[in-house]
Amino acid sequence: MKLILLGPPGAGKGTQAKFLQEKFHLAHLSTGEMLRALVASGSELGKKAQEIMSNGQLVSDDIMVDMIRDRIKQDDCKNGFILDGFPRTIAQAEALDEMLESEGKRLDHVIEIRVNDEEMVNRVAGRYACDKCGEGYHDQYKQPKVSGVCDVCGSKEFTRRKDDQPETVKRRLESYHAQTAPLLPYYKKSGVLKGVDGMADISDVTQQINSIVSH
Ligand code: AMP
């Protein structure tokens, strides 16, 4: 199964991708995560990416398309994958279609997680993650069971993404509406687009997505 989760920052793409990854044994391909790893590597390309990301802008299509082209060839993608954060422009979507077509494959589902913008700024501003294992938390919606200790690995170190500050989130939302939202009519035309209500509880959104992918 090959699917895309679409939605603005804070919609819950990463959270839902993790459920799908476990339930259907798919690879979770988050281009944001891949870019953050590139930044952490300290390479020249990483430095350039960091500047763009901290301004809430998009990294160039060429870089992103090459990154995904290499990634989907890897073994863990054989059973299928969930794209989280890619494509983000029409050019990326067209490149993905070409990549899949050249191997006689196609997308099974593109799922739009629908949310409202104002709520997203608050949601994103409250999130943080374990420094060691990456488990995600939220000031309001998901605190660790023992305060200050990661539920998964026991680490006491947490980080917040620099680009989750309200001013940057506003710019990321603008870029979503200008550059990524045009993907909705693009995928509607090819008949693979479905929508879920992303304002519902996390488990409810998971159920909505399960019922789409199980049909
Ligand atoms: P995310 O973790 O998906 O919110 O991505 C964090 C940041 O990485 C975005 O705000 C962009 O600057 C950059 N980024 C992630 N995926 C893409 C993509 N497909 N195209 C361009 N930039 C991206």
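**Two nonpolar cores and a buried strand**

In this predicted model, the largest nonpolar core contains 30 residues, and those with the most contacts inside it are Ile4, Leu29, Leu35, Phe81, Leu83, Leu96 and Tyr187. Such a core is a set of buried Ala, Val, Leu, Ile, Met, Phe, Trp, Tyr and Cys residues joined through side-chain atoms within 4.5 Å; buried means under 20% relative accessible area, with a 1.4 Å probe and protein chains only. At least two residues of this core come from each of several elements, among them strand 1 (2-6), strand 2 (27-30), helix 2 (31-41) and helix 8 (183-189). Helix 5 gives the most, with five residues. Helices (H or I, at least four residues) and strands (E, at least two) are DSSP runs, numbered from the N terminus.

Leu96 touches Ile4, Leu83, Phe86, Pro87, Leu107 and Tyr187, leaving aside residues up to four places away in sequence; contact here means heavy atoms within 4.5 Å. A second, separate core has 21 residues, including Leu3, Leu26, Ile113 and Ile212.

Now to strand 4 (residues 109-114): five of its six residues are buried, so this strand is largely enclosed by the rest of the structure. Strand 4 runs parallel to strand 1, and four bridges join the two; Ile4 has Val110 as its bridge partner. Strand 4 also pairs in the parallel sense with strand 8 (residues 193-197), over five bridges, where Val110 stands opposite Leu193. Pairing requires that DSSP finds at least two bridges between two strands.

Residues are numbered from 1 along each chain as its sequence is written, and side-chain values use heavy atoms, without hydrogens and water. Local features need pLDDT of at least 70 and side-chain atom pairs count only at pLDDT 80 or more, while totals for chains, interfaces and linings use all residues.

Definitions and conventions:
Buried means under 20% relative accessible area, exposed over 50%, partly exposed in between (1.4 Å probe, protein chains only).
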